[in-house]
Amino acid sequence: MSNSITHLMFLIFVFVPIAVSSEPQQPVEALLRRLDSKRSSASVQEAAAKAVLKRLLPTHVHSFDFKIVDKDVCGGHSCFVINNHNLSSPNGPEIQIKGTAAVEIASGLHWYLKYWCGAHVSWDKTGGVQLASIPNPGSLPRVKDKGLKIQRPVPWNYYQNVVTSSYSFVWWDWERWQKEIDWMALQGINLPLAFTGQESIWQKVFMDFNISKGDLNDFFGGPAFLAWARMGNLHAWGGPLSQNWLDQQLVLQKQILSRMLELGMTPVLPSFSGNVPATLRKFYPSANITRLGDWNTVNGDRRWCCTYLLDPSDPLFVEIGTAFIRRQVEEYGDVTDIYNCDTFNENSPPTNDPAYISSLGAAVYKAMSKGDTDAVWLMQGWLFYSDSAFWKPPQMKALLHSVPFGKMIVLDLFADVKPIWNTSSQFYDTPYIWCLLHNFGGNLEMYGILDAISSGPVDARTSENSTMVGVGMCMEGIEHNPVIYELTSEMAFRSERVPVQDWLRTYSRRRYGNAVHQVEEAWEILHRTIYNCTDGIADHNTDFIVKLPDWDPSLESVSNTSEPNKMQMLFTLDIKRRFLLQKTSSQFPKAHLWYSTQDVINALRLFLDAGNDLSGSLTYRYDLVDLTRQVLSKLANQVYVDAVTAFQRKDVKAFDLNSKKFVQLIRDIDALLASDDNFLLGTWLESAKKLATSPTEMRQYEWNARTQVTMWYDTTKTNQSQLHDYGNLNFLII
């Protein structure tokens, strides 16, 4: 056995004690029992787990034995158990993994491959898998003593943001979805959002309320903008949706749900938030339907803006909401009791009267519960941070207590940076999930707070009177920063804080398949720099090199500004900034920098020094390209500042020098990104066109794909989109 594998096995026993959890509250226990009863049979789940193994590691399909066990094995909790298998034949199973569901078995498989075999699994776009370190069948490492039992300290590992479906999943076919669900199972995700195909359900529901298919063309957004049409931010932008798209996505959703259920996951389905087509007013003139204000169009263009909201207090709200839940049950079967609804997300109620807010919350829940008597409302808690001026304790309590206890679960969406649980008495005793938000707009930026991830969920769970029931990942876009998502996934199984530096040492060995001291030293630097962003700023990848060149330096004078103050202005962001809806006070463009660039350059040198040892590693290749992109982008920020300063001081020579440097850096980054197809714009565009069944659809899908990563939204000949820099991405544009 190699020294690195021995070290990994030592770490697993030192740093992964068996979780000891406090008893869940009774309503949560009852919910868990109901959800368990909806799971597929043991034989179906065991076969599903085996299929995950076959797709991941076909050479070892006979090396493992999988078995579903009752929760009594783990004191009534979800868990997995890893044991040596009795070697009855040379070609038989070597390792047995038991779990209370197929997703637990898959988690146990991943844990064994990581900590006994030194393997690594990440998204294909971030380097994919490293399986070369796994010994051949017949030579798998044995588990010491009586094996290992890992029990979840909290019931759920949640996954997705309501906009991930647009930033990342929109162009996926079943082949890509199958890979993602396998990844989810290996990471232990058992509570995923399942939003695909809901427009097909809405088409059927609204037609029952006299709305025609033609009327819905003005209601649904285009494929790349569906998330914001669903939330009532916009309508029709990028549309209309073809019947082919609607039918195709419904079929895909049924495949997704089927696989999730086979693996013992609980899908979270959408519910009605009040967003309705404009023509509903014609058929229900007495309904309390309000037209909302403008959301980021250039001139209040009503072709795209100012959607319609049906007030939850109106009886029609319950009628439509109930019909939607029942139609989903009719299409998919009785697959869940958990439904997402965010009626008040960045859309405050018309009054702050607690009694009124309570009545609205009760109406939202009534629409769910009439469709599913056991319904539980899952709500993003972003509103309590983004609109904290409105959501004071009386208003929060009114909403959170508007449903029976145990019938609402809150996602503490931004807990990695701005947790709400610790300032709201545990959401006033409401069950909640500690979540990592991390990514906005699908931006590509190396960033994170590893120490907060390693301690935050543990601190929340062990705090006095804790109501925490899960760990979640709610990023807006995926397929970046794999180190962040691997650690966060593990925290759903960790009962104690993780020593991050030791964990990173094993992570680098697993990710690259080899222990290389230069890379380990580089990760030590990255831990205290790039992955130690503690300034509380939400926006990332605001580097000048990915921004639209729309700022006129001649309009802003720096002649009376000192050099330190100028740099402070240029490299500081408003602490609570989230969307580009919030204007910043200075006209200077702003980039975000939270670490020593020289330290990170040193880390890059160490990565380069390891090239001879790791040249064949795709994971190393991805990280090397990404880190180099990060270094060059930050260098470009400084060059840009120098060019602007020279322009404003009328220093022609310095301006010419720095302008040429900036243009050369653009060329250098293009050449860099061309070395890895995971950074190519063409990959994104081709995945969009691949779904089309006609030339018209192909043009529409490509337009959607290009627009989302460039101007994003409404643009005229004289005015640019207000969201043009929101989806900042470092792509090679070919």
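Two strands count as paired if DSSP finds at least two bridges between them. In this predicted model, β2 and β4 clear that bar, with 4 bridges joining them in the antiparallel sense. One of the residue pairs here is Val81 with Lys149, its bridge partner in β4.

These two strands belong to an open sheet of 4 strands, ordered β1-β3-β2-β4, with mixed pairing. The edges are taken by β1 (64–68) and β4 (148–151), and each has a single partner strand, so one side of each has no neighbour in the sheet. From one strand to the next, the twist averages 15 degrees. What makes the pairing mixed shows up strand by strand. On one side, β1 lines up with strand β3 (residues 95–99) in the parallel sense, over 5 bridges, and Phe64 sits opposite Ile95 of β3. On the other, β3 meets β2 in the antiparallel sense, also through 5 bridges, and here Asn84 is the residue standing opposite Ile95. Strand β2 (residues 79–84) is mostly covered, as 5 of its 6 residues are buried.

As a bit of background, strands of a sheet pair through backbone hydrogen bonds, either parallel or antiparallel. The parallel kind is what holds for another open sheet in the model, built from 8 strands in the order β6-β5-β15-β14-β13-β12-β11-β7. Here β6 (191–192) and β7 (269–270) are the edge strands; each has just a single partner, so one side of each is left without a neighbour in the sheet. Further in, strand β11 (residues 338–340) runs parallel to strand β12 (residues 376–380), and 3 bridges join the two. Within this pairing, Asn340 has Leu378 of β12 as its bridge partner.

Helices pack on this sheet too. Helix α2 (residues 26–37) touches β5 (156–159), β11, β12, β13 (408–412) and β15 (468–473), and its direction makes about 70 degrees with that of β5. Helix α13 (residues 354–371) also packs on the sheet, touching β11 and β12, with its direction at about 130 degrees to that of β12.

Next comes the second largest pocket, which holds about 1100 Å³ of space. Its lining is made up of 42 residues, and those nearest the centre are Asp124, Lys125, Trp172, Arg176 and Glu479. By class, the lining breaks down into 20 nonpolar, 11 polar and 11 charged residues. Helices α3 (42–56), α6 (174–187) and α26 (681–690) each supply at least two of the lining residues. The top contributor is α6, which gives 8 residues.

A few spots in the backbone also stand out. Most residues other than glycine have a negative phi, and most peptide bonds are trans. Gln160 goes against the first habit: it is not a glycine, yet its phi is positive, at about 100 degrees. Gln160 lies in the loop between β5 and α5 (164–167). Is Gln160 buried or exposed? With a relative accessible area of 2%, Gln160 is buried, since the cut-off for that label is under 20%. Ser425, again not a glycine, has a positive phi of about 50 degrees, and this residue is found in helix α16 (residues 425–429). As for the peptide bonds, the one from Gly239 to Pro240 is cis, with omega near 0 degrees. Pro240 itself is placed in the loop between α9 (226–230) and α10 (243–262).

Conventions. Residues numbered from 1 in each chain as written. Predicted model: local features only at pLDDT ≥ 70, side-chain atom pairs only at ≥ 80, totals over all residues. Heavy atoms only, no water. Contact = heavy atoms within 4.5 Å. Axes fitted to C-alpha atoms, helices over the stretch in contact; angles between N-to-C directions. 1 Å grid on protein atoms, 1.4 Å probe; cavity = no way out; pocket = protein on both sides within 12 Å on 5 of 7 lines; lining within 4 Å. Points joined across faces, edges and corners; volume = space filled by probe spheres on them. Nonpolar A, V, L, I, M, F, W, Y, C, P; charged D, E, K, R; others polar. Buried < 20%, exposed > 50% of the residue type's maximum accessible area, 1.4 Å probe, protein only.
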